[in-house]
Amino acid sequence: MITAATVCALIEKKLGNKAAGVKLDASTAFIAVGLSSLQVADIIYTIEDEAEVELDPIHAAKVKTVGDLVRLIETTKNADADL
């Protein structure tokens, strides 16, 4: 299961030393912590691999916060389970 903590850990890894003093939680906006669009895409791809799910690229492009990403993964996994 992918949680906000999982995504926050990936953000910390991407930010490296810049993560010190940054509060990360479900409401954290990717842009607010200085992630580039490439870094966000890399996080999304990593999460897709870990969750074994393929996100709709149109929906993934609209993800702005940690919570948005977690909700999109949950919604996608639930939709896949219904098939």
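## Charge distribution and surface

In this predicted model, the protein carries 8 positive and 13 negative charges, and the mean positions of the two sets lie 9 Å apart. That makes a handy starting point if you plan to look at electrostatics.

The accessible surface of the protein adds up to about 5300 Å². Carbon and sulfur atoms account for 55% of that area. As for the interior, 36% of the 83 residues count as buried.

## Overall fold

Let's turn to the architecture. The protein has 4 helices and 0 strands, and along the sequence they give the pattern α-α-α-α. The radius of gyration is 12 Å, close to the 12 Å from the globule rule for 83 residues, so the protein is as compact as a globular protein of that length.

Along the principal axes, the C-alpha atoms fill a box of roughly 45 × 20 × 20 Å. Contacts between residues far apart in sequence are well represented: among those with a separation of 6 or more, 58% join residues 24 or more positions apart.

## The loop between H1 and H2

Helix H1 covers residues 4-15 and helix H2 covers residues 37-51, and Thr28 sits in the loop between them. Is Thr28 buried or exposed? Its relative accessibility is 8%, under the 20% cut-off, so Thr28 counts as buried. The side chain of Thr28 reaches the backbone oxygen of Lys23 at 3.5 Å. Once neighbours within four places in sequence are set aside, Thr28 is in contact with Lys23, Val33, Lys64, Thr65 and Val66.

Ala32 belongs to the loop between H1 and H2 as well, but here the picture turns outward: Ala32 is exposed, with a relative accessible area of 64%. Its C-alpha atom is separated by 9.8 Å from that of Val22, a residue 10 places away along the chain.

## The loop between H3 and H4

Helix H3 spans 57-61 and helix H4 spans 66-82, with Val63 in the loop between them. Val63 has a relative accessible area of 8% and is buried. Which residues is Val63 in contact with, leaving aside its neighbours within four places in sequence? They are Phe30, Asp68, Leu69 and Leu72. For a sense of distance, the C-alpha atoms of Val63 and Ala9 are separated by 17 Å, while the two residues are 54 apart along the chain.

Thr65 lies in the loop between H3 and H4 too, and counts as buried at 16% relative accessibility. Not counting residues up to four places away in sequence, Thr65 touches Ala26, Ser27, Thr28, Ala29, Phe30 and Arg71. The pairing with Thr28 links this loop to the one between H1 and H2, and Phe30 is a contact of Val63 as well as of Thr65.

## A backbone feature at Glu52

One more spot is worth a look on the backbone. Most residues other than glycine have a negative phi. Glu52, however, has a positive phi of about 55° although it is not a glycine.

Where does Glu52 lie? Its place is the loop between H2 and H3. With a relative accessibility of 74%, Glu52 counts as exposed, whereas Val63 is buried at 8%.

How values were computed. Residues numbered from 1 in each chain as written. Predicted model: local features only at pLDDT ≥ 70, side-chain atom pairs only at ≥ 80, totals over all residues. Heavy atoms only, no water. Helix = DSSP H or I, 4+ residues; strand = E, 2+ residues; numbered from the N terminus. Rg over C-alpha atoms; globule rule 2.2 N^0.38 Å. Buried < 20%, exposed > 50% of the residue type's maximum accessible area, 1.4 Å probe, protein only. Contact = heavy atoms within 4.5 Å. Areas by Shrake-Rupley, 256 points an atom, 1.4 Å probe, with all protein chains shown as cover. Lys, Arg positive; Asp, Glu negative; His and termini not counted. Charge placed at Lys NZ, Arg CZ, Asp CG, Glu CD. Polar contact = N/O pair within 3.5 Å; in protein donor to acceptor, adjacent residues only side chain to side chain.
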